[in-house]
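This report covers a sheet, some aromatic ring pairs and the surroundings of one serine. The sequence and structure are shown first.

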Amino acid sequence: IPNADGEGTLSCEWRVRMSVVSSTDGNTFVGFTDTQEDTLTENPFTISGTTVTASANPDDAIGFVFHGGATNASWYPVSQNSDTLTIDGVTNMAAVDRTPPVTATWQTLRMDIHNSAKVVEFYVDGVQIYRYEGSQAIDDVALTPVWVNLEGTDASNVDLDYVYVEATRLA
């Protein structure tokens, strides 16, 4: 996958289904990281109440996170650049745009990264839920699409139907 910085638009779409939507401490991330999934030691993000925390591993990540214990649990857009939280959808996303996962229902999550990662659009089932414009959301590093599911106390599987990745380059 090309770097997000200066390479046109990097888009990725995942179609996911959760067997159980945790109401307590289940934590699922779908997105890009700078660490391969098999070397990831923890979920890139956690949410406690209304506070998002970026983990130390990986250093750079961007995508959607669901945490059952979050206030108004939903798919939230998040990113970290060199371990610093840059997109905090829990704090900044409008309540009307919150879209929680639904048990045993397929959902399509899409992310478009533009303009050296200074503009990022997040979609759930084709509806834009958040648009970020600001400083670079993620460093210009090689990115790998991943999904991470930490069950917590509720046993849950996250099924993945497909991952679609597309990069367009500026002329």
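A residue is called buried when its relative accessible area is under 20%. The model discussed here is predicted.

**Aromatic pairs**

By this definition, rings of Phe, Tyr and Trp pair if their centres lie within 6.5 Å, and planes that are neither under 30 degrees nor over 60 degrees apart count as tilted. The count comes to five aromatic pairs. The ring centres of F29 and F45 are 5.7 Å apart and the planes stand at 40°, so this pair is tilted. F29 belongs to strand β2 (residues 27-33) and F45 to strand β3 (residues 45-48), so the pair ties together parts that are 16 residues apart in sequence. F29 and F45 are both buried. Another tilted pair is formed by F122 and Y130, with 6.3 Å from centre to centre and 50° between the planes. Both of these residues, F122 and Y130, are buried. Ring pairs also join F64, F122 and Y130 into a cluster.

The two pairs described above are set out here.

| Pair | Centre to centre | Angle between planes | Class |
|---|---|---|---|
| F29 and F45 | 5.7 Å | 40° | tilted |
| F122 and Y130 | 6.3 Å | 50° | tilted |

**The surroundings of S79**

F45 also appears among the contacts of S79. S79 lies in strand β6, which spans residues 76-81. Is S79 buried or exposed? Its relative accessible area is 0%, and buried means under 20%, so S79 is buried. Which side chain makes a polar contact with the side chain of S79? The partner is the side chain of T86, at 2.4 Å. A polar atom of the S79 side chain also lies 3.0 Å from the backbone oxygen of A137. Leaving aside neighbours within four places in sequence, the contacts of S79 are F45, A61, I62, T84, L85, T86, I87 and A137. T86 and A137 are thus named both as contacts and in the polar distances given above.

**The five-stranded sheet**

An open sheet holds five strands in the order β10-β9-β8-β1-β12, with antiparallel pairing. Its edge strands are β10 (127-133) and β12 (158-168), each of which pairs on one side only. On average, neighbouring strands of this sheet are turned by 15° against each other, direction ignored. Strands of a sheet pair through backbone hydrogen bonds, either parallel or antiparallel. Strand β1 (residues 9-18) pairs with strand β8 (residues 107-114) in the antiparallel sense, over seven bridges. R15 has T108 in β8 as its bridge partner.

Definitions and conventions
Residues numbered from 1 in each chain as written. Predicted model: local features only at pLDDT ≥ 70, side-chain atom pairs only at ≥ 80, totals over all residues. Heavy atoms only, no water. Pairing = 2+ DSSP bridges. Helix = DSSP H or I, 4+ residues; strand = E, 2+ residues; numbered from the N terminus. Axes fitted to C-alpha atoms, helices over the stretch in contact; angles between N-to-C directions. Phe/Tyr/Trp six-rings, centres within 6.5 Å; stacked < 30°, edge-to-face > 60°. Buried < 20%, exposed > 50% of the residue type's maximum accessible area, 1.4 Å probe, protein only. Polar contact = N/O pair within 3.5 Å; in protein donor to acceptor, adjacent residues only side chain to side chain. Contact = heavy atoms within 4.5 Å.
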